[in-house]
Amino acid sequence: MRIAVYSTKPYDFETLSAANAAGHDFTYINPRLDQLTVALADGHDGICAFVNDQLDSSVLCNLAEMNIKFIALRCAGFNNVDLPAAKKLGITVARVPKYSPYSVAEHTIGMMLALNRQLPRAYNRVREGNFALTGLLGFDMYGRVAGVIGTGKIGKQVCRILLGLGCRVMAFDRHVDQELVSAGVEYHDLPELILQSDILTLHCPLTEDTYHIINDDSLGAMKNGVMLINTSRGGLLDTRAVLRALKTGKIGYLGLDVYEEEASLFFEDRSGAVLTDDTFARLLTFPNVLVTGHQAFFTREALEKIASVTLDNITSYAQTGQVPEKNLVS
Ligand code: NAD
């Protein structure tokens, strides 16, 4: 198949090329997919897209007009795809539902520990010959209440590591995972979880139900000085409400790997450019905020698995016009 691969970075090129034993014809395109770049897909049989590629109804219509009826997402989340529009246009959308829950879970815990023990500040201090500890005081994770929202593949792994650290782990999900219950995780409703948690971490998908699940009201109910971590999707947080809560000290620590408006920022080197997103710029002024640029998935194992499942989806579609049921989004 001829596939236009959007948002290609050197690591995508390497892993997808290595996994392409079937010899599909890939056109690697650096920019993300949007209204301007969709024309580059002309002449292809399908496209391969990533988290910030724009797959709204107008881009999907453009693809359908080019007779492109197949999208291979090389990610798990599909909140960037207008699924009703894809269905209406007869576009098959495949994804990689599971690659390495460990990658995201471990990054999540890394953010918690880095914030708690102020590792970025400590790193800078020592390099400047400042060995003072004042201002670096942390807390024991052991015995703290950690609240996990969403205990699917990633959240489950986060729960396991938190249990290993000796946290009391509370969880909220529509589905109770009995393995986690046996391991010691306590399921509660969301208000109770929010009320009791010293650390809150988000691992549910971004849907209509979960959009701005963290807002002025939920923040108001949290413990003072709560640690909040979001490695899931930016839209789960109302960022302006979060800024207000940082200013009052309600949020004591904030770790973000995702951001509501990340599409126009992340995955590119913008170090020479002026940052025009004032909300994001304000976030970066707080000493107790740690932001990474949608990096949580970024391990060797995850990239290899993403590439192999993406290639399976493409080959399966090329041969049968279908993708494995477990990888089918629409
Ligand atoms: P998953 O589908 O295995 O788990 C999601 C869980 O959330 C499920 O158990 C589901 O029941 C639960 N859920 C759904 N709606 C909910 C709601 N309203 N309230 C509470 N729980 C709800 O998904 P996963 O593989 O664990 O991934 C979770 C999210 O992580 C993805 O949706 C994606 O947004 C994000 N993610 C981020 C990165 C990254 O690099 N930062 C990488 C992969 C995935």
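Author: In this predicted model, a residue counts as buried when its relative accessible area is under 20%. By that cut-off, 52% of the 330 residues of the protein are buried.

Reader: What makes the protein as compact as a globular protein of that length?

Author: The globule rule gives 20 Å for 330 residues, and the radius of gyration of the protein is 21 Å; the two values are close, so the protein is as compact as a globular protein of that length. The C-alpha trace spans about 60 × 50 × 35 Å along its principal axes, and the protein holds 12 helices and 12 strands.

Reader: Why is the set that includes Ile-47, Leu-55, Leu-63 and Ile-71 called a nonpolar core?

Author: The term applies because such a set consists of buried residues of the nonpolar core types joined through side-chain atoms within 4.5 Å. This set, the largest nonpolar core, has 36 residues, and the four named have the most contacts inside it. Strand S3 (46–49), helix H2 (57–65), strand S4 (70–73), helix H3 (83–88) and helix H12 (300–320) each give two or more residues to this core. A second, separate core has 32 residues, including Ile-214, Val-226, Leu-236 and Leu-265.

Reader: Which residues does Ile-71 touch, not counting those up to four places away in sequence?

Author: Ile-71 touches Ile-47, Leu-55, Leu-60, Leu-63, Ile-91, Thr-92, Val-93 and Ala-94.

Reader: What share of the contacts with a separation of 6 or more joins residues 24 or more positions apart?

Author: Residues that far apart account for 65% of these contacts in the protein.

Key. Residues are numbered from 1 along each chain as its sequence is written. This is a predicted model: local features need pLDDT of at least 70, side-chain atom pairs count only at pLDDT 80 or more; totals for chains, interfaces and linings use all residues. Side-chain values use heavy atoms; hydrogens and water are left out. Buried means under 20% relative accessible area, exposed over 50%, partly exposed in between (1.4 Å probe, protein chains only). Helices (H or I, at least four residues) and strands (E, at least two) are DSSP runs, numbered from the N terminus. Contact means heavy atoms within 4.5 Å. The radius of gyration is taken over C-alpha atoms; the globule rule is 2.2 Å times the number of residues to the power 0.38.
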